[in-house]
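Q: I would like to learn how to read a structure of this kind step by step, beginning with its surface. Could you show me the material we will work from?

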Amino acid sequence: MPTPPRPARIGFLLSQLGAHAAEVFAAQIRPLGLTASEAGVVRIIGRTPGLTQRQLAERLGAQQSRVVALIDGLERKGLATRTRSTADRRAQQLGLTAAGRAMLAELRSAAEAQEAVIAGSLGEQERADLYALLSTLSGRLGLDADVHPGHGRSADEPTGATRPTA
């Protein structure tokens, strides 16, 4: 009797590659003195200056206190600023300092180095095909292309923990 075909295991392979990609990126940014969550927040603020802390928390699916702690750390590192909104004095708008904007270039280099490690063995067309398929799948699942699910989690919260979504 023939052996039934093995299931595709797409979820496992994506999880395995995702964990590897996260480790590679963490190693790339370690010399920059940032965590992956901090790097993600710098990138989001860089793309949407004036974003409020509340909007950032909603986008990350994170507790407001988690975002406050992240921004506190980025302020201490001289990368981010908070300013009171002129439209709503209760709101804190976020921006990057000159050092924060320079860090964006460093993060871009780190991401390119990560991609070279992850997909360097693929040809140009294979990379394009892989990117197109992953982008399509991500979009169909309603994922935000700029937000990694781990950014909103506390350091002690398990990876599979669920959070309320906005």
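A: Let us begin with the term that the surface needs: patches are made of residues with over 30% relative accessible area and no salt bridge, and nonpolar side chains are joined within 5 Å. Please keep in mind throughout that this is a predicted model.

Q: Which residues form a nonpolar patch on the surface?

A: In this model the nonpolar patch is formed by Ile-10, Leu-14, Leu-130, Leu-134, Leu-137, Leu-141 and Leu-143, which together have about 640 Å² of accessible area. Helices α1 (10-29) and α6 (124-140) each supply at least two residues of the patch, and α6, with three residues, gives the most. Leu-141, for its part, lies in the segment after α6 and is exposed, its relative accessible area being 60%.

Q: Where does the model deserve confidence, and over which residues does pLDDT stay under 50?

A: The general idea is to read pLDDT as the predictor's confidence in each residue. Here the protein averages a pLDDT of 87, and 89% of the residues score at least 70. Among the elements, helix α3 (residues 53-60) has the lowest mean pLDDT, 91, whereas helix α5 (residues 98-119) has the highest, 96. Over residues 154-166, by contrast, pLDDT stays under 50, and for these residues the model has 11 contacts beyond four places in sequence.

Q: How many helices and strands does the protein have, and in what order do the elements run?

A: The protein has six helices and two strands, and from the N terminus on the elements run α-α-α-α-β-β-α-α. To see how the chain comes together, one looks at contacts according to sequence separation: of the contacts with a separation of 6 or more, 57% are between residues 24 or more positions apart.

Q: Is Gly-95 buried or exposed, and with which residues is it in contact, leaving aside its neighbours within four places in sequence?

A: Burial is read from relative accessible area, with under 20% counting as buried. Gly-95, which lies in strand β2 (residues 92-96), counts as buried because its relative accessibility is 13%. Leaving aside neighbours within four places in sequence, Gly-95 is in contact with Ile-45, Leu-79, Ala-80 and Thr-81. Gly-95 and Arg-47, 48 residues apart in sequence, are 9.8 Å apart in space, C-alpha to C-alpha. In the protein as a whole, buried residues make up 29% of the 166 residues.

Q: What should I make of a charged residue such as Arg-66, and with which side chain does it make a polar contact?

A: It is worth reading accessibility and polar partners together. Arg-66 lies in helix α4 (residues 64-76) and, at 18% relative accessibility, counts as buried; its side chain makes a polar contact of 3.4 Å with the side chain of Ser-37.

Q: Which residues are linked in a network of salt bridges?

A: A salt bridge is identified by a side-chain nitrogen of Lys or Arg within 4 Å of a carboxyl oxygen of Asp or Glu, and by this rule the count comes to six. Asp-72, Glu-75 and Arg-82 are linked in a network: the closest N and O atoms of Asp-72 and Arg-82 are 2.8 Å apart, and the side chains of Glu-75 and Arg-82 meet at 2.5 Å, N to O. Since Asp-72 lies in helix α4 and Arg-82 in strand β1 (residues 80-84), that pair ties together parts 10 residues apart in sequence. Asp-72 counts as partly exposed at 27% relative accessibility, and Glu-75 counts as partly exposed at 31%.

Definitions and conventions:
Residues are numbered from 1 along each chain as its sequence is written. This is a predicted model: local features need pLDDT of at least 70, side-chain atom pairs count only at pLDDT 80 or more; totals for chains, interfaces and linings use all residues. Side-chain values use heavy atoms; hydrogens and water are left out. pLDDT is the predictor's confidence in each residue, from 0 to 100. Helices (H or I, at least four residues) and strands (E, at least two) are DSSP runs, numbered from the N terminus. Contact means heavy atoms within 4.5 Å. Patches are made of residues with over 30% relative accessible area and no salt bridge: like charges are joined within 9 Å, nonpolar side chains (Val, Leu, Ile, Met, Phe, Trp, Tyr) within 5 Å. Accessible areas come from the Shrake-Rupley method with a 1.4 Å probe; for residues, only the protein chains shown count as cover. Buried means under 20% relative accessible area, exposed over 50%, partly exposed in between (1.4 Å probe, protein chains only). A polar contact is a pair of N or O atoms within 3.5 Å; within protein, one must be able to donate a hydrogen and the other to accept it, and residues adjacent in sequence count only if both atoms are side-chain atoms.
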